[in-house]
Amino acid sequence: MSSIIEIRNVTKEFKVLNRREGLKGSIKDLFSRDYKTVTAVNNISMSIEQGEIVGYLGPNGAGKSTTIKMMTGVLEPTSGEILVDGNVPYKNRSKNAQNIGVVFGQRSQLWWALPLIESFRLLKDVYQIGDKQYDSIIELYKSLVDIEPLLHKPVRQMSLGQRTLSDILAAFLHDPKIVFLDEPTIGLDVSMKAKIRTLINALNKEKNTTVILTTHDMGDVDALCRRIVIIDKGKMLYDNDIEHLKSFFGSYRTLKIRVDGDLKKQSEVIQKEVPDFAVSADDEWISVLVDEDKKKVVDVLSQLQSSYSIKDMKLEEISSEDVIRKIYEEGVE
Ligand SMILES: Nc1ncnc2c1ncn2[C@@H]1O[C@H](COP(=O)(O)OP(=O)(O)O)[C@@H](O)[C@H]1O
Ligand SMILES: [Mg+2]
């Protein structure tokens with residue numbers, strides 16, 4: 001069986017103007033332009049199977065959106081091959097469009113002034129969705145989310161969360177084989193994120209839709225993705241199960257403690273005390289990511305207890321968030 005998405009040795013370069021500084025520089029730029037090449041995606045290969053939910057991760061500027069734009073046919077690769085359900089996306093854009101749905105977080109694809117139901121009806125025409133299929137997907141949507149209050153609301157009057165929800169529903173409307181979600185949960189509150197994760201999981205299950213998701217939120221990854229692909233500076237760093245990745249970091253434990261005072265400030269002080277380990281703070285806990293090959297957690301704890309009055313503590317396995325952060329910092333080896 002062939003994969004729904006095949007990417008082979010794909011590279012994308014952009015030529016960008018190297019701007020010179022100051023007024024003199026700007027005047028020089030007028031006469032002779034100095035270009036440099038940015039390699040946004042650097043020799044990436046992967047195969048994705050129908051029905052997978054893949055987390056496509058990497059820091060800002062890693063090349064995630066560029067890869068997605070090539071898969072959706074918006075950009076042409078500089079070299080290499082992409083096949084999406086057997087089509088070369090940039091050569092066969094309208095055929096490809098039938099097979100895919102796309103959501104770019106914070107940029108709605110919907111008609112701003114129209115109530116959602118009108119956008120849906122337009123999409124029904126655009127994608128030539130039959131009446132029966134259309135009715136059944138609307139029924140499915142009604143069973144999954146409370147869409148009644150959204151249907152008659154113009155998109156511009158919606159909250160960011162409602163708009164994102166609507167965008168996702170619109171992307172799945174024509175029952176595409178693949179949906180690309182580029183940072184769909186950015187800026188959303190916790191409850192809306194949870195709603196959207198449940199929705200994506202349900203649609204993936206119900207329709208066996210392949211989902212490619214980029215996100216900075218490890219909660220999205222934990223809730224949705226078994227497989228993750230990590231890129232940085234255009235290069236692929238990792239492609240496998242998230243659990244497999246965690247086992248690379250088997251000697252790491254997260255020590256969480258609570259102390260008096262401002263946790264953020266205290267965490268900075270504690271960082272100086274244990275310079276080998278990353279210390280961070282949220283609203284509730286100070287976290288110390290301990291590598292037990294270097295020092296046992298109990299020893300770190302007793303070291304900290306001698307200087308701070310520790311109110312509460314707990315120990316956790318390394319989180320996805322910590323794993324990803326470490327990969328960005330150090331790579332996998
Ligand atoms: N249209 C473009 N022209 C020039 N450079 C671009 C363009 N699009 C993206 N880039 C550059 O390519 C790199 C990858 O960008 P992008 O794919 O948007 O990263 P990500 O989505 O992972 O944050 C960045 O250095 C970015 O500045
Ligand atoms: Mg991006």
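**Strand 1 and its partners**

I started at the pairing of Ile5, and I found it standing opposite Ile48 in strand 2. This is a predicted model, so I read everything here as prediction. Strand 1 and strand 2 run antiparallel to each other, and I counted 10 bridges between them. Next I looked up Ile7, whose bridge partner is Ile82 in strand 4. Strand 4 covers residues 79-84, and its pairing with strand 1 is again antiparallel, over five bridges.

**Around ligand 1**

Which residues surround ligand 1? I noted Phe14, Val16, Val38, Ala40, Gly58, Asn60, Gly61, Ala62, Gly63, Lys64, Ser65 and Thr66. Strand 1 (5-17), strand 2 (35-48) and helix 2 (64-72) are the elements that each give two or more residues to this shell. Helix 2 gives the most, with three residues. By character, I have the shell down as five nonpolar, six polar and one charged.

**Helix 2**

I stayed with helix 2 to ask whether it is mostly covered or mostly open. It is mostly covered, as eight of its nine residues are buried. My list of the buried ones reads Lys64, Thr66, Thr67, Ile68, Lys69, Met70, Met71 and Thr72. Lys64 and Thr66 appear both in that list and in the shell around ligand 1. Just after the helix comes Gly73, and its phi is positive, near 90 degrees.

**The sheet 11-12-10-13**

I then moved on to an open sheet of four strands, with the order 11-12-10-13 and antiparallel pairing. Strand 11 (278-281) and strand 13 (310-317) are the edge strands, each pairing on one side only. I noted an average twist of 20 degrees from one strand to the next. Inside the sheet, strand 10 (residues 252-259) pairs with strand 12 (residues 286-291) in the antiparallel sense, over six bridges. One position I looked up there is Ile257, which stands opposite Ile286 in strand 12.

Two helices go with these strands in my notes. Helix 11 (residues 263-273) packs on the sheet and touches strand 10, strand 11 and strand 12. Its direction makes about 170 degrees with that of strand 11. Helix 12 (residues 297-305) lies across strand 10, strand 12 and strand 13. I have helix 12 running at about 20 degrees to strand 10.

**A stop at Pro149**

Is Pro149 buried or exposed? I put it down as exposed, because it has 10 C-beta neighbours inside 10 Å and the cut-off for exposed is 12 or fewer. Pro149 belongs to helix 6, which spans residues 148-151. I also checked Pro149 against Gln162, which is 13 residues away along the chain, and found their C-alpha atoms separated by 9.9 Å.

**The whole protein**

I finished with the overall picture. The protein is divided into domain 1 (5-245) and domain 2 (251-317). How far apart do the C-alpha centres of domain 1 and domain 2 lie? I have 38 Å for that separation. The C-alpha atoms fill a box of roughly 70 × 60 × 50 Å along the principal axes.

For secondary structure, I counted 13 helices and 13 strands. Buried residues make up 32% of the 333 residues. Last, I looked at contacts between residues at least 6 apart in sequence, and 72% of these join residues at least 24 apart.

Methods:
Residues numbered from 1 in each chain as written. Chains lettered and ligands numbered in written order. Predicted model: local features only at pLDDT ≥ 70, side-chain atom pairs only at ≥ 80, totals over all residues. Domains from an automatic or database assignment. Buried ≥ 20, exposed ≤ 12 C-beta atoms within 10 Å, placed from the backbone. Near = placed C-beta within 6 Å. Nonpolar A, V, L, I, M, F, W, Y, C, P; charged D, E, K, R; others polar. Pairing = 2+ DSSP bridges. Axes fitted to C-alpha atoms, helices over the stretch in contact; angles between N-to-C directions. Contact = placed C-beta atoms within 7 Å.
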